[in-house]
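Thanks for making the time this morning. I would like to take you through one structure, beginning with its internal spaces and then turning to charged pairs and the overall fold.

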Amino acid sequence: MPFIEEFIHYHAGVNRFTGVLVRHSDTTPRPGILLAPNMMGIAASSIEHACTIARKGYVVLVADMYSCLPGSAEDAAERMNTLKDTPAERQILNAALTRLAELQYVNEGKLAAVGFCYGGHCVLELARSGAPLAVTVCFHGTLNTRLPAEKGVIRGKVVVLNGADDPFVTADQIKDFTGEMALCRCDFQLTNYAGAVHSFTYPKADVPGKTQYNEAVSMHAFGVLFTQLAEALG
């Protein structure tokens, strides 16, 4: 069945954002997945991930976090660092999820979020905000937060797929995160992949010991994702 890629607009505050939707060509309502991309925003790698997920029977919206495309890695890093851990970050994510749920070919009662690198942090923040997510899956994202979830706020399962040697995810982050999830009585799963570092799903990542693609780990992690989506969304 052919896929359709289309621009989807939404607003957060006074700013207009443009995400990319990947869906099957029919309009049968399907579960909706919000995909939060890495620091570079909506790029070829995030569209490829969206297509991979959509093939399993989902409608996928790649979220726009900046309201524009970064001009360079330095520009993207500046935008990310300005936005990260601010109220605006959660506002943008919730606006994107709300827009996804409104679409006629999305089953609004079956929503999930998936994020990669910076996007992994983003989807955890979305879950912490109390968004109506059946499952949240974080690929090699940082785990710290300025607003830990309170008991009962997170409404679905949280799954973290982490490189055990990721230099950006410290032992203290893991300790604080697992404590946070336990205190808020959240159903969660954290998997540490031995030998994997940051960006293990990104084929172009090639900085040994820092950001590096790991094909075997990536394939296993995507298998976990699809199992979790199937269990949570059908």
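**Spaces, salt bridges and fold**

Let me start with the second largest cavity, whose volume is about 30 Å³. Please keep in mind throughout that this is a predicted model. The residues around the second largest cavity are G41, I42, A63, D64, M65, Y66, C68 and L69, and by class they come to 6 nonpolar, 1 polar and 1 charged.

How many cavities of 30 Å³ or more does the structure hold? There are 2 of them, and the largest has about 80 Å³ of space. Lining the largest cavity we find P37, N38, S45, S46, H49, F116, C117, H140, T201 and Y202, a set that divides into 4 nonpolar and 6 polar residues, with no charged ones. Helix α1 is the element that gives the most to this lining, with 3 residues.

From the closed spaces I move to the open ones. The largest pocket holds about 820 Å³ of space, and its lining is made up of 30 residues, those nearest the centre being N38, C117, S199, Y202 and A205. The elements contributing two or more residues to that lining are α1, at 44–54, β9, at 206–207, and α6, at 215–233. Which of the elements gives the most to the lining of the largest pocket? That is α1, with 5 residues, and α1 is also the element that gives the most to the lining of the largest cavity. N38, C117 and Y202, which I named a moment ago for the largest pocket, also appear in the lining of the largest cavity. In terms of class, the lining of the largest pocket splits into 15 nonpolar, 10 polar and 5 charged residues.

The second largest pocket has a volume of about 160 Å³, and the residues that line it include A12, N15, F17, R79, T82 and L83, as well as A88, Q91 and I92. Two or more lining residues come from each of β2 (15–24), α2 (73–83) and α3, while the composition of this lining is 7 nonpolar, 4 polar and 1 charged. M65 and Y66 are part of this lining too, and both of them also line the second largest cavity.

Now to the charged pairs, where a search over the whole structure finds 7 salt bridges. In one of them the side chains of R90 and E125 meet, with 3.0 Å from N to O. Because R90 belongs to helix α3 (residues 87–102) and E125 to helix α4 (residues 118–128), this pair ties together parts that are 35 residues apart in sequence. Are these two residues buried or exposed? Both R90 and E125 are buried.

A second salt bridge joins R128 to E180, with the closest N and O atoms 2.8 Å apart. R128 sits in helix α4 and E180 in helix α5 (residues 171–183), so here the parts tied together are 52 residues apart in sequence. R128 and E180 are likewise buried, and the four residues R90, E125, R128 and E180 are linked in a network of salt bridges.

The pair R99 and E102 offers another case, a salt bridge whose closest N and O atoms are 3.5 Å apart. These two residues are 3 residues apart within helix α3, which puts about one helical turn between them. R99 is partly exposed, at a relative accessible area of 26%, whereas E102 is exposed, at 54%.

One loop position is worth pointing out as well. G152 is found in the loop between β6 (135–139) and β7 (157–163), and it is exposed, with a relative accessible area of 60%. Its C-alpha atom is separated by 6.0 Å from that of C184, although the two residues are 32 residues apart along the chain.

Finally, the chain as a whole. Its secondary structure comes to 6 helices and 10 strands. The radius of gyration is 16 Å, close to the 17 Å that the globule rule gives for 234 residues, so the chain is as compact as a globular protein of that length. The C-alpha trace spans about 45 × 40 × 35 Å along its principal axes, and 53% of the 234 residues are buried. Among contacts with a separation of 6 or more, 65% are between residues 24 or more positions apart.

How values were computed: Residues numbered from 1 in each chain as written. Predicted model: local features only at pLDDT ≥ 70, side-chain atom pairs only at ≥ 80, totals over all residues. Heavy atoms only, no water. Helix = DSSP H or I, 4+ residues; strand = E, 2+ residues; numbered from the N terminus. Buried < 20%, exposed > 50% of the residue type's maximum accessible area, 1.4 Å probe, protein only. 1 Å grid on protein atoms, 1.4 Å probe; cavity = no way out; pocket = protein on both sides within 12 Å on 5 of 7 lines; lining within 4 Å. Points joined across faces, edges and corners; volume = space filled by probe spheres on them. Nonpolar A, V, L, I, M, F, W, Y, C, P; charged D, E, K, R; others polar. Rg over C-alpha atoms; globule rule 2.2 N^0.38 Å. Contact = heavy atoms within 4.5 Å.
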